[in-house]
Amino acid sequence: MSFAATILTLYPEMFPGPLGHSIAGRARDEGKWALETLQIRDFATDKHHTVDDTPAGGGAGMVMKADVLAAAIDEALERQPDAPVLAMSPRGTPLTQSRIRALSTGPGVTILCGRFEGFDERIFEARPVEEVSVGDYILSGGEIGALALLDACIRLLPGVMGAASSGDEESFEQGLLEYPHYTRPVEWEGRSIPEVLRSGDHARIAAWRKRRAEEITRSRRPDLWERYSGAPGQSPSGAQRDKAKDE
């Protein structure tokens, strides 16, 4: 059975977008994954197909209506009852490579794409919807985040990447950022490929790559380094504080 994605959106024409090209597009053509969009507006019951209303209590913007969202989610659950329903939201749980890997081994995902000021909170109480985030920044809507989530999952599906081990040493897979890469020409603008990578000594190369991955992670992402090494100290992620709570 292929990985199936159902997207609930006000802009179905945004899909498959970039996922119709390169390895994701080829994988879709080969039946390794499938995509379906549901227009949220089709589930509104009034003559204007209204999907939003003003915020209770006042304030700027508009809020997506719980009754319309629930009808769309119910339809998606009928089509994919075993797929998790994820709502793209800046307040959601940040997506990690381990979560992406887990999702890629499942039957697929249903993704709810928000617009305006977001969703009526009652939808999270009434339906099995989990909020997830692609980063600490704001997008115009959930569609771009949904594309990113799907791209991350699709590339991990069996047979999508050229070699099964292609992703094993990438950033986040081993808890570290990836080591630097080089290719020909050996000399370029006075800069050379490091000698160790031209030595043919696989043990030295592996040690160099691990050392450089550790150095880059330590300097650029102290939060990842803290989780990887168990080193004490404060970090932006709060990982050490969370660990202390669990002990």
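pLDDT is the predictor's confidence in each residue, on a scale from 0 to 100. The protein chain of this predicted model averages a pLDDT of 91, and 89% of the residues score at least 70. Over residues 233-247 the pLDDT is below 50; beyond near neighbours in sequence, this stretch has 19 contacts in the model, a contact being heavy atoms within 4.5 Å. Where pLDDT is low, the predicted coordinates should not be read in detail.

Because the model is predicted, local features need pLDDT of at least 70 and side-chain atom pairs count only at pLDDT 80 or more, while totals for chains, interfaces and linings use all residues. Residues are numbered from 1 along each chain as its sequence is written, and side-chain values use heavy atoms, with hydrogens and water left out.

**Sheet**

Helices (H or I, at least four residues) and strands (E, at least two) are DSSP runs, numbered from the N terminus. Two strands pair if DSSP finds at least two bridges between them. Five strands form an open sheet in the order β2-β1-β6-β5-β7, with parallel pairing. β2 and β7 are the edge strands, each pairing on one side only. From one strand to the next the twist averages 35 degrees; axes are lines fitted to C-alpha atoms, for helices over the stretch in contact, and angles run from 0 to 180 degrees between N-to-C directions.

At the β2 edge, strand β1 (residues 3-9) runs parallel to β2 and is joined to it by seven bridges. Here A4 stands opposite A34 in β2. Strand β5 (residues 85-94) pairs in the parallel sense with strand β6 (residues 108-112) over three bridges, and L86 has I111 in β6 as its bridge partner. β5 also pairs in the parallel sense with strand β7 (residues 129-133), over six bridges; A87 stands opposite E131 in β7.

**Salt bridges**

A salt bridge is a side-chain nitrogen of Lys or Arg within 4 Å of a carboxyl oxygen of Asp or Glu. By this rule the count comes to 16. The table gives three of these pairs.

| Pair | Closest N to O distance |
|---|---|
| R79 and E36 | 2.1 Å |
| R91 and E121 | 2.4 Å |
| R99 and E130 | 2.9 Å |

R79 lies in helix α2 (residues 66-79) and E36 in strand β2 (residues 33-39), so their salt bridge ties together parts that are 43 residues apart in sequence. Salt bridges that share partners join E36, E75 and R79 into one network. R91 is in strand β5 and E121 in the loop between β6 and α4 (122-126), so this pair ties together parts 30 residues apart in sequence. R99 in helix α3 (residues 97-104) and E130 in strand β7 link distant parts of the chain, 31 residues apart.

Relative accessible area is classed as buried under 20%, exposed over 50%, and partly exposed in between (1.4 Å probe, protein chains only). R79 is partly exposed at 40%, and E36 is partly exposed at 31%. E121 is also partly exposed, with a value of 38%. In the remaining tabulated pair, R99 is partly exposed at 25% and E130 is partly exposed at 28%.

**Cysteines**

How many disulfides does a search of the whole structure find? The search finds zero, a disulfide being a pair of cysteine sulfur atoms within 2.5 Å. C113 is buried, with a relative accessible area of 0%. C153 is buried, with a relative accessible area of 0%.
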